[in-house]
Amino acid sequence: MDDRLPLPAERFLRSLTKALWTLSSDERDAVVLELRGHLAERSAQGGPALDQALTALGAPEALARRFDQSGGGLAAIPADFATPRRPLRVAEVVAEVRATFRASGEGFLLVGALLVTSLIATDFLSWMSIRLPEVGVDAVFVTAIRILAVFAALGAGYRLALSPRLPAWRLGTSTLAFSAGLAGATAISIAGAILVVRGASAVAAAAGMTQGGVLAVKAAVALVTLALASGLLLRIQPWLAALAAERHGFTARASWEGTRGRMGNILKGWAALVLPLYVLHFALNLVALKLLPFGAGTLFLAGVDGIVSAGVAIAAILLNATVFRWASGEPIPAPRAFGSARPDEALVEQARARLRPLLLQRRLRQPVSAE
Amino acid sequence: MDITSWQSQLRKGAAELVVLSLLRDGERYGLDILDSAGGSGGVLSDGTLYPLLTRLEREAKVEARWAMADGARIPRKYYRLTAEGEALVAEMQRAWHEFSAFVTGAIEEPRDGRQTAPSGRTIPALAD
């Protein structure tokens, strides 16, 4: 489907999409699609007609402000035109992830705090176990603590992103199911990759290849297997997110089928949001383990890496939650209201009821001024 | 004297009536509504129509469906009146006729220094 319009119209629609961030994703898509059709028909009438239409529509930001923000009641657009169905630009994927964050419950600061503190501590201790083995830090224990903290943060993050009405921090069956699912899927992927790599190197050796050739085959097979395993893991991430967020109707099969045809968009999201941080995390580990002498600098690197790794985890949570919505066909809700939200009427009335006697007492204490 | 603001208020009030009245003839999509309204004296423009249609749809005065026209690459959103919208537009048209008759009567050229509103109530002529 090629429905691209002349550049000024595309720019207008891009700005309008940004300016309509207060709407849920399905309503925003509906408004933008209707205006895309409007501009396409004007464009077909000739350049001047399109220019006139753009002038008549006015500034995208002003137009966006005129739309009723109350939500609900709009006809759903045909599925083929919904955002996740079509190939998205990287900026559009990032905008979807940002919309997921804006619609999430409050509490990501705590998720970030848990991740940063636990990752800094476990980074430093695990590096110490490698660089200074004589200290006797138990690497297995440190890794176990790290995994527990990350799983707790991921579970809370998915609940905040997908089920903000649920308590984010709790150790229930959903957290256990999510943790078991993630650990199992990761273990199966790694075990499968190791078996494939070993098998490939055995075949290469049996074929009479030199040691260098066997190593090259091993490296190539390892890379391909790693890419395939990562792809498989990406396709079940929405299901894992659903487990954590107690979206019981969404199965692994639904995750698999829902991500079909959307891997391009998913990979763009990973490439833009997760991969750069992951590469930085890898580089920091390399410097800490191979280049820098162990000392105060290592502690500083652990601090930086803790923040970077927390960024990886939070980006992954938000991206997987966004992909869950794409795969399940659920729109990204309108953003959660911040401090500007209208206060709850019942709470205001309660506050008034408490204040009234106080104000009355104060009035009674005031002396009556002489006329 | 600048009457732009006053004209803007007039247009806002009339735009809803124009759109609902055009939909009385059957379902239409946005561009069709705009073209049918013609110049519409500036009552409707590209920038006012779509927010208005969205509001009317949210308020269930109109309902919409998406359909692909022959040879089109982008679907159109067709609007039609709901039962509530039908009743509303009938009421609005009746009120508009009364209102416009009153206003027209009130602003007619004074013949004897006084104007007569259609209701029979006389109102003082505007001072020069």
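**Group meeting: buried charges and the A–B interface**

At 2% relative accessibility, A:Asp123 counts as buried, where buried means under 20% relative accessible area, exposed over 50% and partly exposed in between, with a 1.4 Å probe and protein chains only. This is a predicted model, in which local features need pLDDT of at least 70 and side-chain atom pairs count only at pLDDT 80 or more, while totals for chains, interfaces and linings use all residues. Residues are numbered from 1 along each chain as its sequence is written, chains are lettered from A and ligands numbered from 1 in the order in which they are written, and side-chain values use heavy atoms, with hydrogens and water left out.

To stay with A:Asp123, this residue forms a salt bridge with A:Arg146, the closest N and O atoms being 3.0 Å apart; a salt bridge here is a side-chain nitrogen of Lys or Arg within 4 Å of a carboxyl oxygen of Asp or Glu. A:Asp123 lies in helix H6 (residues 108–131) of chain A and A:Arg146 in helix H7 (residues 139–162) of chain A, so the pair ties together parts that are 23 residues apart in sequence. Helices (H or I, at least four residues) and strands (E, at least two) are DSSP runs, numbered from the N terminus.

Let me turn to chain B, which has four helices and five strands, arranged along the sequence as α-β-α-α-β-β-α-β-β. In its helix H2 (residues 30–37), the buried residues are B:Gly30, B:Leu31, B:Ile33, B:Leu34 and B:Ala37. They are on the same side of H2(B) because they cover an arc of only 160° around the axis, the arc being that of the directions from the helix axis to the C-beta atoms. Their cover includes helix H2 (25–44) of chain A and, from chain B, helix H1 (4–23), strand E1 (28–29), helix H3 (46–58) and strand E3 (76–81), with contact meaning heavy atoms within 4.5 Å.

Strand E3 of chain B also holds B:Lys77, and is that lysine buried or exposed? B:Lys77 counts as buried, at 4% relative accessibility, and its side chain makes a polar contact with the side chain of B:Glu57 at 2.8 Å. A polar contact is a pair of N or O atoms within 3.5 Å; within protein, one must be able to donate a hydrogen and the other to accept it, and residues adjacent in sequence count only if both atoms are side-chain atoms. Leaving aside neighbours within four places in sequence, the contacts of B:Lys77 include A:Glu34 and A:Ala75 from the other chain.

That brings us to the interface, where 33 residues of chain A are in contact with 24 residues of chain B. The area buried between the chains is about 2400 Å², with 59% given by carbon and sulfur atoms; buried area is the accessible area (1.4 Å probe) that two parts lose on being put together, summed over both. A:Glu34, A:Glu41 and A:Asp68 supply 25% of the area that chain A buries against chain B, more than any other three residues. Four salt bridges are counted between the chains, and in one of them B:Arg76 pairs with A:Glu41, the closest N and O atoms being 2.8 Å apart. H2(A) gives 11 residues, the largest share of the side of chain A that touches chain B.

Finally, within chain B, B:Glu16 forms a salt bridge with B:Arg55, the closest N and O atoms being 2.9 Å apart. The pair links helix H1 of chain B to helix H3 of chain B, the two residues being 39 residues apart.
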